[in-house]
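Student: Could you walk me through this structure? I'd like to start with the strands and then move on to the pocket.

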Amino acid sequence: MSQQAKAPIDIDEIIERYPSKPEYLIFLLQDIQAAFNYISPEALSLVCDHTGVPLSRAYAVATFYQSFSLEPKGEHEIKVCQGTACHLKGAPRLVEDLERRLGVSPGQTTEDLQFTLETVNCLGCCALSPVVVVDGEYHSRATARKLDKILKNLEAE
Ligand code: FES
């Protein structure tokens, strides 16, 4: 099967997928998040117009669920565990290295929208500390050198 270029996603097309009822708020937010990797203020406002949900309520929902982001996210997400075990095994140094390399702080996304850096609480696999999750893949006993190699591979994609 040949690979075709993805057609740009139209926000109106997503909104028209669902009836104009408040109960479709979450479905719309999920689809917009999936399509654009974040929910822009304009998108949130269009969803409110469509569903009749007040903006304050939609905002509360969008900020409550971790799967929604109101900020643009990078194509690749890097999460560094900051739980106690990882902290003791050098996680803060890993964060510092990543901050320097990417030019962003935790919670921020690189200007080219390639990487988002996050810190997270204990991931429940302390024996593997320090743990870094890149695009959902767990990397145990992470080192700056290992992370550099992972990032270089992603940059080369
Ligand atoms: S402290 Fe990092 S996995 Fe538990």
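Tutor: We can take the sheet first and the largest pocket afterwards, keeping in mind that this is a predicted model.

Student: Okay, what is the order of the strands in the sheet?

Tutor: The sheet is an open one of four strands, arranged in the order β2-β1-β3-β4, and its pairing is mixed.

Student: And which strands stand at the edges?

Tutor: Those are β2 and β4, the latter covering residues 137-139, and because each has a single partner strand, one side of each is left without a neighbour in the sheet. From one strand to the next, the twist averages 20°.

Student: How do strands hold on to each other, in general?

Tutor: Strands of a sheet pair through backbone hydrogen bonds, and the pairing can be either parallel or antiparallel.

Student: Then how do β1 and β2 run, parallel or antiparallel?

Tutor: They run parallel, and six bridges join them. Within this pairing, lysine 79 has glutamate 118 of β2 as its bridge partner, while isoleucine 78 stands opposite leucine 117 in β2.

Student: What about β1 and β3?

Tutor: Here the two strands run antiparallel, joined by three bridges, and lysine 79 stands opposite valine 133 in β3.

Student: What does valine 133 pair with in β4?

Tutor: Its bridge partner there is tyrosine 138, and this belongs to the pairing of β3 (residues 132-134) with β4, which is antiparallel over three bridges.

Student: Which helix packs on the sheet?

Tutor: Helix α6, made of residues 91-102, packs on the sheet and touches β1, β2 and β3, with its direction making about 150° with that of β1.

Student: Is β2 mostly covered or mostly open? How many of its residues are buried?

Tutor: Strand β2 is mostly covered, since five of its six residues are buried.

Student: Switching to the largest pocket, what is its volume?

Tutor: The largest pocket has a volume of about 500 Å³. It is lined by 23 residues, and the closest of these to its centre are Gln66, Lys73, Glu77, Lys79 and Glu118.

Student: Which strand gives the most to that lining?

Tutor: Strand β2 does, with four residues, although β1 (76-81) and β2 (115-120) each supply at least two residues of the lining.

Student: And what classes of residue make up the lining?

Tutor: The lining of the largest pocket has 11 polar residues, seven charged ones and five nonpolar ones.

Key:
Residues are numbered from 1 along each chain as its sequence is written. This is a predicted model: local features need pLDDT of at least 70, side-chain atom pairs count only at pLDDT 80 or more; totals for chains, interfaces and linings use all residues. Side-chain values use heavy atoms; hydrogens and water are left out. On a 1 Å grid over the protein atoms alone, a cavity is a set of points where a 1.4 Å probe fits but cannot get out, and a pocket is an open set with protein on both sides within 12 Å along at least five of seven lines; lining residues have an atom within 4 Å of a point. Grid points are joined across faces, edges and corners, and a volume is the space filled by probe spheres set on the points. Ala, Val, Leu, Ile, Met, Phe, Trp, Tyr, Cys and Pro count as nonpolar, Asp, Glu, Lys and Arg as charged, and the others, Gly among them, as polar. Two strands pair if DSSP finds at least two bridges between them. Axes are lines fitted to C-alpha atoms, for helices over the stretch in contact, and angles run from 0 to 180 degrees between N-to-C directions. Contact means heavy atoms within 4.5 Å. Buried means under 20% relative accessible area, exposed over 50%, partly exposed in between (1.4 Å probe, protein chains only).
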